[in-house]
Amino acid sequence: MILAPSILSADFARLGEQVAAAERGGAGVIHLDVMDGHFVPNITIGPPVVKSIRRITRLPLDCHLMIENADRYLDAFVDAGADWISLHVEAMPHLERAVSHLGRRGVKRGAVLNPSTPLVALEEILPELDYVLVMSVNPGFGGQSFLPTSLDKLRRLRALVTARGLSTRIEVDGGIGPDNVRSVVEAGAEIVVAGSAVFGAGDPEAAARRLIEAAS
């Protein structure tokens, strides 16, 4: 399992310190939730923050774009230092074009599914993706409860990827902590996003270690 702490739950006054602590605890990726107040009812960060975080860690930066017209901003996020970029199927009428552009820019290409979006929405684009992010909460806010139906979705996605002989990785995001991290990994998730469970516990280094231990 690769742990991807989400800075959405971090203390931004001590962001560099908290990212470093999560990295010491075993984090393999830093997850950045980008929200625009339109696609989701919240506003968070943009390319300048990504650029700042790029300077404080060598870990890959996983930018989850919960924004409308994301294709307009792809180059800005890549130029700021994003290593992985995931795009919501629901917000991208020309997803293939955006995914192809990300491939040409040399970053990992991801697609995101909301809880109510079926796997069939990925049928055509799946071979072009480096990873799929399954939302296990409705996006827009941190600290939500995990939706149990996500486990079956993860299992079916894992079966689909295996049946088609693809190397596409599976990421999961939302409501994950020590009590359920093992179940999502057993269901097929390889990359686990956790915000509150890492940065909301007071000691990101220890919290990250607990999650990784709970997963195994």
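Start with the sheet: in this predicted model, eight strands make an open sheet ordered 1-8-7-6-5-4-3-2, with parallel pairing. Select residues 2–5 and 30–35 next. These are strand 1 and strand 2, the edge strands, and each has a pairing partner on one side only. Turn the view and look along the sheet: neighbouring strands are rotated by 25° against each other on average, direction ignored.

Now pick out one pair inside the sheet. Colour residues 61–66 (strand 3) and 84–88 (strand 4); the two run parallel and are joined by four bridges. To land on one of these spots, click C63, whose bridge partner in strand 4 is I85.

Next stop, helix 5. Select residues 150–163: that's 14 residues, covering 20 Å from the first C-alpha to the last, close to the 20 Å expected at 1.5 Å a residue. Show side chains for S150, L151, K153, L154, L157 and V161, the buried residues of this helix. Then look down the axis of helix 5: its buried residues fall within an arc of 160°, so they line one face of the helix.

What do the buried residues of helix 5 pack against? Add strand 5 (108–113), strand 6 (131–135), strand 7 (169–173) and helix 6 (181–187) to your selection, and you have the elements they pack against. Swing round to the other side of helix 5 and you'll find T162 and A163, both exposed.

Last click: G165. This glycine follows helix 5, and its phi is positive, near 65°.

How values were computed: Residues are numbered from 1 along each chain as its sequence is written. This is a predicted model: local features need pLDDT of at least 70, side-chain atom pairs count only at pLDDT 80 or more; totals for chains, interfaces and linings use all residues. Side-chain values use heavy atoms; hydrogens and water are left out. Two strands pair if DSSP finds at least two bridges between them. Axes are lines fitted to C-alpha atoms, for helices over the stretch in contact, and angles run from 0 to 180 degrees between N-to-C directions. The expected span of a helix is 1.5 Å times one less than its number of residues. Buried means under 20% relative accessible area, exposed over 50%, partly exposed in between (1.4 Å probe, protein chains only). The arc is that of the directions from the helix axis to the C-beta atoms. Contact means heavy atoms within 4.5 Å.
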